[in-house]
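Biologist: I have a two-part session in mind: the fold, then the contact. Shall we open the model?

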Amino acid sequence: MNAVAGKALTSNHFELFGLEPVFALNAASLDAAYRDIQAKVHPDRFAHAGDAERRASVQWTTRVNEAYRTLKDPLQRARHLLELRGVDVAFESNTAMPADFLVQQMALRESLEEAVEAKDAASLDSLRKDLAGEKRRLETQIGESIDARKDYRGAAELVRKLMFLDKLDTEIDLAYEALE
Amino acid sequence: MALLQISEPGTSPAPHEHRLAVGIDLGTTNSLVATVRSGVATVLPDAHGRPLLPSIVRYLPDGRVEVGYAAQARQADDPKNSIVSVKRYMGRGVKDVTHIENAPYDFVDAPGMLQIRTAAGVKSPVEVSAEILKVLRERAELSLQGSLSGAVVTVPAYFDDAQRQATKDAGRLAGLNVLRLLNEPTAAAIAYGLENASEGVYAVYDLGGGTFDVSILKLSRGVFEVVATSGDSMLGGDDFDQRVFCWSVEQAKLAPLSPRDMRLLLVKAREAKEFLTFHSEANMTAKLSSGELVDVTLDTETFCRITQTLVHKTLGPMRKALRDAGLTVDEIKGVVMVGGATRMPQIQRAVGEFFRRDPLNNLDPDKVVALGAAMQANVLAGNRPQGEDWLLLDVIPLSLGIETMGALVEKIIPRNTTIPAARAQEFTTFKDGQTGISFHVVQGERELVSDCRSLARFELKGIPPMVAGAARVTVSFQVDADGLLSVAAKENTTGAEASVTVKPSYGLADADIERMLRDSFEHAREDVHARALAEQRVEAQRLLEATRSALKADGHLLSVEEKSVIESAAQSLDKLMKGADHRAIKQAADALNRATEQFAGRRMDEGIRRALAGRKIGSL
């Protein structure tokens with residue numbers, strides 16, 4: 001445990017996994033680092049240990065799982081990176097979005113409502129596909145903004161857009177469930 | 001030539017200590033115990049060589065308990081005291097259980113979890129399950145010749161916190177050191193994955209007696225990672241029996257049935273269902289207590305029609321799991337079938353059509369969960385050297401949250417989060433000067449509290465009076481490796497340390513478990529002793545009386561010395577049976593039996609001689 005104890009003090013998820021703090025993360029390196037650490041700290045390794053060791057193992061695994069979850073998800077990863085750069089995405093207080101973006105969002109939500117009313121799974125499928133494409137486009141922009149241009153303010157606005165799309169994705173999930 | 005291995009100074013390994021660890025599949029219909037011996041996972045059979053233990057517990061008026069086949073044989077005669085499918089009641093209230101009206105039990109709706117009034121008193125599902133686990137523990141200890149170091153007990157992946165807590169409590173009550181609660185489809189994936197050295201994304205379709213799970217796992221060398229899980233903890237093979245039962249009642253135009261007849265017909269329904277797996281029609285015949293004769297024939301087509309909605313009900317969770325995993329059907333490399341109910345041809349067909357591939361049936365669907373659990377128990381016990389073990393990453397099946405204003409749910413940990421997991425959320429006061437906040441912890445996917453399962457309620461007191469919204473209360477959720485939740489709340493504006501940890505209200509407090517455990521063990525020891533003593537005294541009394549009357553009738557057959565030997569053995573027994581040592585009584589009784597052996601022989605001869613003599617006289 002001592003070897004990694006120093007890392008407990010940092011809330012930097014990249015440091016925990018020994019990775020460069022970039023948006024364009026190598027997924028394979030992240031997976032490998034996650035598994036290597038889990039192999040050392042997971043409660044399954046301490047099923048027969050004393051209480052203290054078992055508690056520590058749970059705390060550690062919890063921390064590693066949280067870090068992994070954050071870095072794996074592009075939206076959470078971007079927010080975490082910007083936080084490390086001192087930029088608060090401030091999603092709740094800063095809701096002023098460009099008008100054309102909002103119009104587009106309203107149109108997407110209308111299509112969602114229509115699909116739900118018509119109980120039309122095929123429309124949901126195509127909506128989801130469009131949304132996935134839109135999300136990928138935004139993620140590429142976020143990557144360029146953070147990694148290449150170091151434009152963190154600009155990235156924050158893109159992240160806020162991505163959050164809108166993510167929310168819509170969740171609503172599509174609920175719509176599928178409502179259909180079943 | 002083999003090289004001798006020499007370990008580095010100071011790192012010399014301790015002499016190999018193999019810990020006895022087992023995997024237990026605590027099923028709705030059948031339970032099993034398995035272990036890893038010489039590197040191979042095997043199911044441990046009972047003394048008659050039977051691998052399954054029917055999950056049936058019968059309570060007798062004298063407090064005795066029958067478990068398994070013995071209870072199964074008597075279930076129709078004693079339906080109220082023969083508890084079947086107790087797993088359905090784990091962590092559940094009366095209103096939570098579907099078709100509870102068809103169960104013949106005398107339910108007591110206790111807060112949190114229902115209870116059942118039996119001839120041996122009121123029993124909770126936890127206690128009933130503990131009886132099953134106890135039998136399996138004893139079976140394993142007898143077979144492995146030692147006490148168990150630990151056990152992995154499996155639960156349906158879709159079990160919520162209350163059901164998991166109840167299962168763990170049952171394990172402890174049975175005297176088991178529960179190393180881990182393991183999700184059944186995950187256990188099956190371990191067994192399947194290791195057996196076939198599989199890599200890639202697999203789905204596990206697990207339709208048991210009372211529960212349905214579907215899990216999607218990523219298998220890669222040394223890692224089993226659950227990506228998503230879904231299911232229905234109130235759907236299983238039992239429901240198919242239920243449909244056949246209802247159909248037969250309708251066909252035979254039967255009046256409302258007595259509990260005995262209901263159980264009889266349910267057993268027949270199950271037999272018909274199983275028969276239809278390999279035949280095109282099944283006869284159901286039964287003689288009811290009213291004298292009425294039921295004789296109906298169920299064909300495959302009818303069976304499929306009356307169970308179609310049940311089969312269809314398993315498709316929703318499959319789609320949901322795929323969506324949560326972000327995968328399509330084409331990305332699934334194989335579908336592993338688990339649970340006896342997957343033998344039904346209509347299930348095989350539906351799964352094959354959904355995944356557009358033939359399901360994998362090469363492992364025994366009844367045993368695969370226990371085998372996987374045994375393999376995991378072996379790893380947890382530390383019996384596999386590092387490097388040869390594997391990492392298991394599992395998830396919680398249902399979101400965990402807190403009730404907020406307006407009876408809405410704020411999700412704290414979303415479903416399919418890898419465990420162990422922790423998440424904290426800040427809450428504040430609603431009124432000026434408010435000094436306490438009550439929290440309601442719920443589990444489920446819906447936005448309204450009333451649509452979710454209530455897990456626990458607790459109050460945080462001692463918040464300093466402040467204006468509304470000024471207090472900062474952090475509520476932290478921690479889910480451990482068993483998928484069990486604990487919640488803590490803390491007020492942090494003033495630094496006032498007020499924190500509380502709760503366990504779900506369905507689980508028993510540690511102290512309760514300890515008390516029950518102590519009671520059951522003490523009672524058990526007392527019971528065994530008292531019963532043995534009573535039995536020996538009765539036996540001794542019977543023997544003494546028989547000896548005295550024999551001496552009186554046929555004492556002339558003995559020499560003086562022979563007579564005195566028997567008399568002294570009888571006196572010795574007479575004295576000892578007034579004491580409490582049942583072993584000493586038994587020894588004395590055995591001695592008296594030996595002493596009277598010859599006497600008994602002579603009396604036989606004498607009796608025969610007399611009989612012959614009388615006959616001779618009569619015939620002459």
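Modeller: Chain A comes to eight helices and zero strands. Helices (H or I, at least four residues) and strands (E, at least two) are DSSP runs, numbered from the N terminus. This is a predicted model: local features need pLDDT of at least 70, side-chain atom pairs count only at pLDDT 80 or more, and totals for chains, interfaces and linings use all residues. Residues are numbered from 1 along each chain as its sequence is written, while chains are lettered from A and ligands numbered from 1 in the order in which they are written.

Biologist: What percentage of the residues of chain A count as buried?

Modeller: A residue is buried if 20 or more other C-beta atoms lie within 10 Å of its own, exposed if 12 or fewer, and partly exposed in between; C-beta atoms are placed from the backbone. Chain A has 180 residues. The buried share is 28%.

Biologist: Why is A:L108 classed as it is?

Modeller: A:L108 lies in helix α6 (residues 99–117) of chain A. Around A:L108 there are 19 other C-beta atoms within 10 Å, so the class is partly exposed.

Biologist: How far apart are the C-alpha atoms of A:L108 and A:L165?

Modeller: Along the chain, A:L108 and A:L165 are 57 residues apart. In space, their C-alpha atoms are separated by 9.6 Å.

Biologist: Which residues of helix α5 of chain A are buried?

Modeller: Helix α5 of chain A covers residues 74–84. Just after α5(A), A:G86 takes a positive phi of about 80 degrees. The buried residues of the helix are A:R77, A:A78, A:R79, A:H80, A:L81 and A:L82.

Biologist: How far apart are the C-alpha centres of the domains of chain A?

Modeller: Domain bounds come from an automatic or database domain assignment. Chain A is divided into domain 1 (2–72) and domain 2 (99–179). Their C-alpha centres lie 31 Å apart.

Biologist: And chain B, how far apart are the centres of domain 2 and domain 3?

Modeller: The assignment for chain B gives domain 1 (21–235 + 314–393), domain 2 (237–310), domain 3 (400–507) and domain 4 (512–619). For domain 2 and domain 3 of chain B, the C-alpha centres lie 48 Å apart.

Biologist: Which strands are at the edges of the open sheet in chain B?

Modeller: Two strands pair if DSSP finds at least two bridges between them. The sheet has four strands, in the order β21-β20-β23-β24, with antiparallel pairing. Each edge strand pairs on one side only: β21 (408–413) and β24 (453–460) of chain B.

Biologist: Which residue stands opposite B:T404?

Modeller: Strand β20 (residues 400–404) of chain B is joined to β21(B) by five bridges. The hairpin of these strands has three residues between them, and there B:G406 takes a positive phi near 85 degrees. Opposite B:T404, in β21(B), stands B:L408.

Biologist: Which residue stands opposite B:V442?

Modeller: Strand β23 (residues 437–443) of chain B runs antiparallel to β24(B), and seven bridges join them. In β24(B), the residue opposite B:V442 is B:S454.

Biologist: Now the contact between the chains. Which element gives the largest share of the side of chain B that touches chain A?

Modeller: Two residues are in contact if their C-beta atoms, placed from the backbone, lie within 7 Å. The contact takes 19 residues from chain B and 16 residues from chain A. Several elements of chain B each supply at least two residues, including β12 (178–183) and α10 (368–380). The largest share, four residues, comes from α8(B).
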